[in-house]
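Visitor: I've just opened this one up and would like a quick tour. Could you walk me through how it packs and where its pockets are?

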Amino acid sequence: MTAELVETTKLYARMVAKIEPDWIEPLAGHLIKKNHFEPHWEKKRGQVVAFEQVTLYGMIVVGRRPVHYGPIDPQASRELFIRQALVGGEIQSRAKCLAANTRLLEQLDELEAKARRRDILADEETLYAYYEARLPAEIHQTATFDSWYRVTSQKDPQLLIMLEEDVLAREASEVTATQYPDTLRIGDLSLALSYHFEPNHPATALPCGCRRRCCPACRASAWNGWCRGCWKPSALRWYATCPRPCARTSCRCPTSSRPPCSA
């Protein structure tokens with residue numbers, strides 16, 4: 001730091017003293033400039049955090065300091081909190097609504113896996129709009145959310161607990177226990193079925209749990225017609241890939257009034 005600058009043939013500084021960079025921010029608060037960038041949600045802190053850069057006349061005093069972004073931009077912090085913490089599930093909270101909503105979304109995700117279609121559960125924008133319409137404007141971190149929910153849920157026990165109509169993009173009436181069973185009965189055996197749907201992934205299948213000692217009882221004939229809901233998709237996929245002469249002699253076109261797999 002210098003007390004005087006003199007410019008003759010060159011620029012000279014008089015009365016120069018060494019200072020610590022940590023002194024600049026508290027002593028020259030009216031001269032420094034602060035810029036914030038890369039706001040993001042941090043699950044461990046339960047806050048929206050951004051990096052702060054402090055400069056003095058263009059000289060960087062603090063390069064990259066993490067700070068709580070909520071007081072700086074409450075609106076942007078609230079949006080990030082809803083999208084990443086509530087919709088994305090990246091939050092450490094004991095609010096019962098979050099656990100209930102997670103269970104509901106898992107059940108609907110299972111419906112999509114059974115139907116092998118991704119058009120039953122609403123998209124993230126619908127989930128965002130649900131929380132955005134019900135949360136107070138000042139909530140943008142976990143601590144204030146838990147405090148508000150603890151008090152308000154005593155008056156309204158169903159606060160922020162989603163219903164199926166809130167998150168369904170369409171009805172899934174075709175997914176029934178008859179068409180898509182959860183268990184498979186083979187003689188005296190009851191085998192649990194789990195549905196998984198992820199296109200172009202090796203795990204896309206319907207795994208069935210069966211112990212080795214039970215394998216002789218699981219004859220190939222016992223699997224015929226076990227999942228009625230899979231008949232039509234399987235037949236249409238076969239029809240699309242088989243040679244045309246074979247398809248012409250085996251079954252009618254699936255666009256006809258009554259394809260053989262519509263029974």
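Guide: Sure, and keep in mind that this is a predicted model. Let's start with a helix pair: H2 and H4 pack with their axes 10 Å apart, at an angle of about 115°.

Visitor: What is the handedness of the crossing where H2 passes H4?

Guide: The pair is H2, residues 74-87, and H4, residues 124-132. Their axes make an angle of about 115°, and the crossing of H2 past H4 is right-handed.

Visitor: How many charged residues are in the contact of H2 with H4?

Guide: On the H2 side you'll find Arg78, Glu79, Ile82, Arg83, Leu86 and Val87, and they meet H4 residues including Glu124, Glu125 and Tyr131. Split by class, that contact has 6 nonpolar residues, no polar ones, and a charged count of 6.

Visitor: Which helix gives the most to the lining of the second largest pocket?

Guide: That pocket has a volume of about 190 Å³ and 14 lining residues, with Leu86, Gly89, Leu98, Thr102 and Tyr131 nearest its centre. H2, H3 and H4 are the elements that each give two or more residues to the lining. With 5 residues, the top contributor is H3.

Visitor: And which class makes up the lining of the largest pocket?

Guide: The largest pocket comes in at about 320 Å³. Its lining includes Met1, Trp23, Leu27, Leu56 and Tyr57, and helix H1 gives the most, with 3 residues. No polar and no charged residues appear in that lining; its 10 residues are nonpolar.

Methods: Residues are numbered from 1 along each chain as its sequence is written. This is a predicted model: local features need pLDDT of at least 70, side-chain atom pairs count only at pLDDT 80 or more; totals for chains, interfaces and linings use all residues. Side-chain values use heavy atoms; hydrogens and water are left out. On a 1 Å grid over the protein atoms alone, a cavity is a set of points where a 1.4 Å probe fits but cannot get out, and a pocket is an open set with protein on both sides within 12 Å along at least five of seven lines; lining residues have an atom within 4 Å of a point. Grid points are joined across faces, edges and corners, and a volume is the space filled by probe spheres set on the points. Helices (H or I, at least four residues) and strands (E, at least two) are DSSP runs, numbered from the N terminus. Ala, Val, Leu, Ile, Met, Phe, Trp, Tyr, Cys and Pro count as nonpolar, Asp, Glu, Lys and Arg as charged, and the others, Gly among them, as polar. Axes are lines fitted to C-alpha atoms, for helices over the stretch in contact, and angles run from 0 to 180 degrees between N-to-C directions. A crossing is left-handed if the near helix is turned anticlockwise from the far one by less than a right angle, and right-handed if clockwise. Contact means heavy atoms within 4.5 Å.
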